[in-house]
Amino acid sequence: PCFHGPMLATLDHTDRLLVLGHPDVPTLKNVRLALKTIELLSFPEDKLSIVLNRASTSIGLERGDVEAALDRPVDFVLPLDPAVPLAVNQATPAVLGKTGPFAPAMLELTRSAAGLDLSQARPTPRTARIFSLGRS
C-alpha cells in the first residue's frame, strides 16, 4: 500500500510489474489507487500487467466487473482452485499439479511475463528433488 524509498528504487529497476488483485471491492480500491500512483510516477504502461488472483464467478465480481472498476483490462486470471491450498499445506508447488485450472493459468502467466515458451517444460530430477526437500 506504500510507495516509499525501497519500493520506488525497486520500480526503477523493474523490467515487468505484475499488479496482483483479488476480486473484492476493498482490494480493487487499493489496486486502483496503486495504479494511479504508478501512473503518476510515469512507470511505462507496456511493462505493467494486471493479475486477477483467486478469480471465481461465485465470488460475485467477474472479470468484466474488475476491468470496469480498474478502468483497464485484466491481463491474466488465476482461477480459484482448491488444489492450491492443498499443495501449499503439502509443501508441493501447485504448478506441478496435473488437475485443476490453476497450474495452466500460472504457467501461461509465467511464460508471458518472462517471454519464455514453457509448453514443453518438465520438472528435471534436480528440481523434483529440490521441491521434495520440504516434505517428510
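**Close-up views of a predicted model**

In this protein, 66% of the contacts with a separation of 6 or more are between residues 24 or more positions apart. Everything shown here comes from a predicted model.

**View 1. The whole protein, with its 6 helices and 3 strands.** Walk along the sequence and you meet the pattern α-β-α-β-α-β-α-α-α. The chain has 136 residues, and 24% of them count as buried. About 9,200 Å² is exposed, with carbon and sulfur atoms supplying 59% of that area.

**View 2. The largest nonpolar core, a set of 15 residues.** Look for Leu17, Val19, Leu35 and Leu70, since these touch the most other members. Strands E1 and E2 each give two or more residues to this core, and so do helix H2 (25-40) and helix H3 (63-70). Apart from it sits another core, this one of 6 residues, including Val51, Phe76, Leu78 and Ala105.

**View 3. Leu17 and what it touches.** Setting aside neighbours within four places in sequence, Leu17 is in contact with Leu11, Ile38, Phe43, Lys47, Leu48 and Ser49. The last name on that list, Ser49, gets the next view.

**View 4. Ser49, a residue of strand E2.** Is Ser49 buried or exposed? It's buried: its relative accessible area is 3%, and the cut-off for buried is under 20%. The side chain of Ser49 makes a polar contact of 2.7 Å with the side chain of Arg16. Beyond neighbours within four places in sequence, Ser49 is in contact with Arg16, Leu17, Leu18, Val19, Asp75 and Phe76.

**View 5. Helix H5, residues 102-114.** This helix has 13 residues and reaches 18 Å from its first C-alpha to its last, close to the 18 Å expected at 1.5 Å a residue. Right after H5 comes Gly115, with a positive phi near 70°.

**View 6. The buried residues of H5: Phe102, Ala103, Ala105 and Leu109.** Where do the buried residues of H5 fall, seen down the axis? They stay within an arc of 165°, so they line one face of the helix. As a rule, an α-helix has 3.6 residues a turn, so residues three or four places apart point the same way. What covers the buried residues of H5 includes three strands, E1 (17-21), E2 (48-55) and E3 (76-79), along with helix H4 (83-89). One of the buried residues of H5, Ala105, also belongs to the core of 6 residues from View 2.

How values were computed
Residues are numbered from 1 along each chain as its sequence is written. This is a predicted model: local features need pLDDT of at least 70, side-chain atom pairs count only at pLDDT 80 or more; totals for chains, interfaces and linings use all residues. Side-chain values use heavy atoms; hydrogens and water are left out. Helices (H or I, at least four residues) and strands (E, at least two) are DSSP runs, numbered from the N terminus. The expected span of a helix is 1.5 Å times one less than its number of residues. Buried means under 20% relative accessible area, exposed over 50%, partly exposed in between (1.4 Å probe, protein chains only). The arc is that of the directions from the helix axis to the C-beta atoms. Contact means heavy atoms within 4.5 Å. Accessible areas come from the Shrake-Rupley method with a 1.4 Å probe; for residues, only the protein chains shown count as cover. A polar contact is a pair of N or O atoms within 3.5 Å; within protein, one must be able to donate a hydrogen and the other to accept it, and residues adjacent in sequence count only if both atoms are side-chain atoms. A nonpolar core is a set of buried Ala, Val, Leu, Ile, Met, Phe, Trp, Tyr and Cys residues joined through side-chain atoms within 4.5 Å.
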